[in-house]
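Please load the model in your viewer and keep the selection tool at hand. We will go from stop to stop, picking a piece and looking at what is there.

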Amino acid sequence: MEPPNPQQFQQFLSSVLSQRGPSALPYAEDVKWLIRQHLLSLIDIYPSLQPKTASFTHNDGRTVNLLQAVGTVPMVYLDRPYNIPVIIWLMESYPRHPPLVFVNPTRDMVIKKPHPFVNPSGVVSIPYLQNWIYPSSNLVELVRNLSHFFGRDPPLYAKVQVHPSNPNPSPRPTPTPHPPPSTSFPNHSSPVGSSGIWPAIPPRPVQQPPYGAVKQDDREEVFKRNSIDKLLVDLHNDIVGLRDAQEKDMDGLFNAQGVLKQREEQLKQGLKEMQDEKEGLEQQLQMVLMNSDVLEGWLRENEGKVTNLGNVDVDTAFEPCDSLSKQMLNCTASDLALEDVIYSLDKAIQGGVIPFDQYLRNIRLLSREQFFHRATASKVRAAQMQAQVANMAARTSQYAL
C-alpha cells in the first residue's frame with residue numbers, strides 16, 4: 001500500500017478547516033491556521049500518524065466533530081523499535097489547551113496496570129501535556145515526549161497466546177514479566193478484515209532467570225533509572241516554581257507600570273492647569289498695573305484742585321478730556337432732557353391740560369430729535385471704544401518690555 005501523498009493531507013486540512021455553517025469544525029477562526037501547521041509538521045516528521053475527522057462524545061453526552069491524529073508512535077525498548085497505537089484528539093479549545101491523547105490497544109494487546117502515565121481507560125497524562133504552553137507547545141514535541149516516556153515504560157503489552165498444538169497447557173505457565181510491546185500496524189495485511197484493527201505481534205519468548213537470581217546489572221540499571229526520574233521530577237518542579245515566581249514578578253511590574261502611567265497623566269494634567277492659571281494671573285496683573293497707572297495719572301492731574309473745593313462750580317466740576325467725551329456728554333444730556341419733556345407731555349395729556357392733536361405733534365418732533373441724539377451717542381461710543389483699545393494695546397506693549 002502506497003503512503004498517502006502529503007499534498008492530499010494539505011488539501012484535506014484546508015478543506016475541513018475552511019468549512020462554514022453547521023458543518024464547520026468548532027475551532028476559533030484565529031487559530032485554524034496554526035492547527036493546520038501543527039498537523040502538517042506532525043505528519044511530515046511522523047508519517048505513521050494521519051489526520052482525520054471523527055465524532056467525539058463528551059462526558060455530558062454532547063457529540064462534536066473534531067480533528068484527530070490516528071496512528072502509531074515509534075519508540076525504542078530494550079534496543080528494539082516498536083510502535084504504540086495512539087489517538088490524539090484536538091479538542092475545541094486547542095491549541096490554547098492541550099489535546100486529549102489515548103493509547104489505542106488492539107484486541108491482542110493489554111494496558112499495563114498500573115502505569116505512571118496511562119490510566120486503565122487509556123488516557124495518557126505526561127508532563128508535557130500538564131505543562132502545555134500556548135503557542136510554543138505543539139504536536140511534534142508532544143509525540144517526541146510520548147516516544148520518550150513510552151520507551152522508558154511501555155504502556156501496552158501483547159497477550160500470551162495459547163497455541164493449538166498444545167491444547168493442554170501446563171497449569172503453571174512460565175510468567176513473562178515485562179514482555180516487549182507489540183506493533184499495532186504491521187506491514188502485512190490485516191486478517192481481521194472489516195474490523196479495521198490489526199492484531200498484536202506475539203511477544204517473543206524471554207528466557208527467565210532462575211528463581212531468586214537477580215543480576216547486579218539490573219539492580220544498577222533500576223537504581224540509575226530511578227535516580228534519573230527523581231532528578232527529572234525535581235528539575236520539573238524547580239522550573240514550574242521559577243516560572244510561577246517570574247509570572248508573579250511580571251504581574252507586579254505590569255501593575256506598577258500601570259500605576260506610574262496614571263500618575264504621569266495626572267502630573268501632566270496638573271502641570272497644564274498650573275500653566276493656564278499662571279497665564280491668567282499674568283493677564284490680571286497687567287490689567288491691574290494699567291488701571292493703577294490710569295488712577296495715578298488722574299490723581300496727579302487733579303491734585304491741585306483739592307484746595308479750591310469750596311469754590312467749585314457744579315457745571316464745571318467735570319470737564320470732558322477730549323472732543324469725543326464732550327460730544328458724548330452733550331448727546332447724553334440732550335437725550336435725558338428730551339426724555340423729561342416727553343414725560344411731562346404724557347402727564348399733561350392725562351390731566352387734559354393740552355389738546356390731543358397738539359400732544360401728538362410735539363411728541364413726533366421730540367422723538368425725532370431724541371433719535372438723532374441717541375444715534376450720535378452710539379457712534380461716539382464706538383469711536384471711544386476703538387480709541388481705548390488702541391491705548392490699552394500701547395500700554396501693554398510698554399509693560400511687556
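The tour below starts with strands, goes on to helices and ends with rings and an annotated stretch. Keep in mind along the way that this is a predicted model.

**Stop 1: the sheet.** Select β1 to β4 and colour each strand separately. You are looking at an open sheet of 4 strands, ordered β1-β2-β3-β4, with antiparallel pairing. β1 and β4 are at the edges with a single partner strand each, so one side of each has no neighbour in the sheet. On average, and ignoring direction, neighbouring strands of this sheet are turned by 35 degrees against each other.

**Stop 2: the β1–β2 hairpin.** Now narrow the selection to residues 49–57 for β1 and residues 63–77 for β2, an antiparallel pair joined over 9 bridges. Which residue stands opposite A54 in β2? Show side chains and you will find L66 there. Then move to the turn: the hairpin has 5 residues between its strands, and G61 takes a positive phi near 95 degrees.

**Stop 3: on to β3.** Add β3 to the view; β2 and β3 are paired in the antiparallel sense over 11 bridges. To pick out one bridge, select Q68 and its partner W89 in β3.

**Stop 4: the helices on the sheet.** Bring in α2, which packs on the sheet and touches β1, β2 and β3, its direction making about 130 degrees with that of β1. Next show α4, which also packs on the sheet; α4 touches β1, β2, β3 and β4, and its direction makes about 45 degrees with that of β2.

**Stop 5: helix against helix.** Hide the strands and keep α2 (residues 32–45) and α4 (residues 139–152). Their axes are 8 Å apart, and the helices pack at an angle of about 45 degrees, which means that α2 is oblique to α4. For the contact itself, select H38, L39, S41, L42 and I45 in α2 together with L139, V140, V143 and R144 in α4. Coloured by type, the residues of this contact come out as 6 nonpolar, 2 polar and 1 charged.

**Stop 6: a pair of rings.** The structure holds 6 aromatic pairs. One of them is Y94 with W132, a tilted pair at 5.7 Å centre to centre and 50 degrees between the planes. This pair links distant parts of the chain, 38 residues apart: Y94 is in the loop between β3 and β4, and W132 is in the loop between α3 and α4.

**Stop 7: the annotated stretch.** Finally, select residues 264–291, where an unreviewed UniProt entry places the feature "coiled-coil region". In the model, residues 264–291 are 100% helix and 0% strand, with 41 Å between the end C-alpha atoms.

Methods: Residues numbered from 1 in each chain as written. Predicted model: local features only at pLDDT ≥ 70, side-chain atom pairs only at ≥ 80, totals over all residues. Heavy atoms only, no water. Axes fitted to C-alpha atoms, helices over the stretch in contact; angles between N-to-C directions. Helix = DSSP H or I, 4+ residues; strand = E, 2+ residues; numbered from the N terminus. Parallel < 35°, antiparallel > 145°, perpendicular 65-115°, else oblique. Contact = heavy atoms within 4.5 Å. Nonpolar A, V, L, I, M, F, W, Y, C, P; charged D, E, K, R; others polar. Pairing = 2+ DSSP bridges. UniProt positions renumbered as here; feature names shortened; annotations may be inferred. Phe/Tyr/Trp six-rings, centres within 6.5 Å; stacked < 30°, edge-to-face > 60°.
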